[in-house]
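Here are a few exercises to work through with a viewer open. Try each one yourself before reading the solution.

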Amino acid sequence: MANSNRLYEFRCPVFGFIELNDWERDIISEPAFQRLRRIRQLALTDYVYPGAMHTRFEHSLGVMHMATLLFDGITQRSKEILENDYGFNRDGLKRSRVIVRIAALLHDVGHPPFSHASEELFPLKKNKGSTVHYKHEDYSAAIVRYKFKSIIEDHKINKNYDIKADDIANFLEGDQNTGEILFWRNLISGQLDADRIDYLLRDSHHTGVSYGKFDWQRLVNTVEIIPIKYDSSMNFIGVNESGLHAAEALILARFFMFTQVYFHKTRVAYDFHLRKAMKKILSNKKLPSPKEKNLDTFLEWDDWKVLGFLSQGEGGEHGQRIRERNHYREIRHTPETPVQHDLEILEKWRDALGKLLMAEELASKSWYKLKEEDIPIITETKVRSVIPLSNLSTIVSKISATKKVSLYVKKEDVDEAENKLQRIGEN
């Protein structure tokens, strides 16, 4: 018989031990969750950093663990706000904690093979009058609704909470009809969330770099709910003043991990080759949509399946380049934040390279959101006041979005390409 008090331990290289109860253990035993063991967190980044072989499976456990630590810290320091503004009593908080843990555990079940590297292969959908690609969050919500419905709703422990699969899916989608519980979604999707904290620490650990490390313990010990007035009274998750530099370090860690690891020129090249190879392998050049009828087919696609095709010689030229580690070479790139002069030079490079130009990749990322999404800091003076992080940190306030463009050629064309570029000058 299921026992909600029985705990199981998983050893984690980042956090030590992660505990799960019977219900959570049964959830991760589901085939749709076990599939995450076959989805690498960082695609083919091991071609650059050999240790980067970790998966979405361990990341999901880590996000659940970190979301729980943040939740417990907030409920400890912000009990009055939770009771008065949201009406959470002891039972309500207990149920919220369960939803947060399950949602954190399942937030990535919709990832395609090799995670973000193949998201461009998602089909298109209509969104507010425009056409955009489905996101992995769309798949996660659909998989929760249709593949985890029984294990969520029929589990014996759930008799204490009456949680529906739709509750978890709506939570992941940010559905406003979810009610007050939606406040906790900030712990999974926000500027100070468990997902971001875990992937920075975990990716840093496995790649062997130090860029993603920061004082996460200080964040856990200083996070709280901070009342803010914009157009109307609102509450935001922020930190007290003693956690200021830990929050600042999180933003910087993300910046460095992207610029030094995720946007590494060779990793970017292999993401390009992987997408092209998968287009050759997929019958209609797209992954199935997240409709209920397509989910079984979608869930069959994982890294193992793609690697199987590649090992059999599939994937065309790009599959061969992956097998032989013969990637395109970066020949030029703009600064991380190009100005008009840089873009004019980029156009000259394109013209000079002509048919030698095999790929042009944009590394684009915004590092910090201001205004309503700015992380609030509450001072520790007698008269407590709320100040946005960007007002206290000159580094955060001045960090510019990255829009770096890289140009790639074949290895055998590097010398010819270099000669062409040197003839035009670059001033």
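**Exercise 1.** What radius of gyration would a compact globule with 427 residues have, and what does the protein have?

*Solution.* Keep in mind that this is a predicted model. Start with the rule: for 427 residues, a compact globule should come out near 22 Å. Next, take the value for the protein, 23 Å, which agrees with that expectation. For the outline, the C-alpha atoms fill a box of roughly 70 × 50 × 45 Å along the principal axes.

**Exercise 2.** Work out what the chain is built from and how its contacts are spread along the sequence.

*Solution.* Count the elements to begin with: the protein has 19 helices and 11 strands. Then take the contacts between residues at least 6 apart in sequence; 73% of them join residues at least 24 apart.

**Exercise 3.** Describe the surface and the charges.

*Solution.* Burial comes first: 53% of the 427 residues count as buried. The accessible surface is about 20,600 Å², and carbon and sulfur atoms hold 45% of that. Now for the charges: there are 63 positive and 62 negative ones, and their mean positions lie 3 Å apart.

**Exercise 4.** Is Ser-118 buried or exposed?

*Solution.* Find the residue: Ser-118 is in the loop between helix H5 (90-106) and strand S3 (124-127). Check its relative accessible area, which is 0%. The cut-off for buried is under 20%, so Ser-118 is buried. Finally, list its contacts: leaving out residues up to four places away in sequence, Ser-118 touches Pro-112, Pro-113, Arg-275, Met-278 and Leu-287.

Key
Residues are numbered from 1 along each chain as its sequence is written. This is a predicted model: local features need pLDDT of at least 70, side-chain atom pairs count only at pLDDT 80 or more; totals for chains, interfaces and linings use all residues. Side-chain values use heavy atoms; hydrogens and water are left out. Helices (H or I, at least four residues) and strands (E, at least two) are DSSP runs, numbered from the N terminus. The radius of gyration is taken over C-alpha atoms; the globule rule is 2.2 Å times the number of residues to the power 0.38. Buried means under 20% relative accessible area, exposed over 50%, partly exposed in between (1.4 Å probe, protein chains only). Contact means heavy atoms within 4.5 Å. Accessible areas come from the Shrake-Rupley method with a 1.4 Å probe; for residues, only the protein chains shown count as cover. Lys and Arg count as positive and Asp and Glu as negative; His and the chain ends are not counted. The place of a charge is taken as NZ of Lys, CZ of Arg, CG of Asp or CD of Glu.
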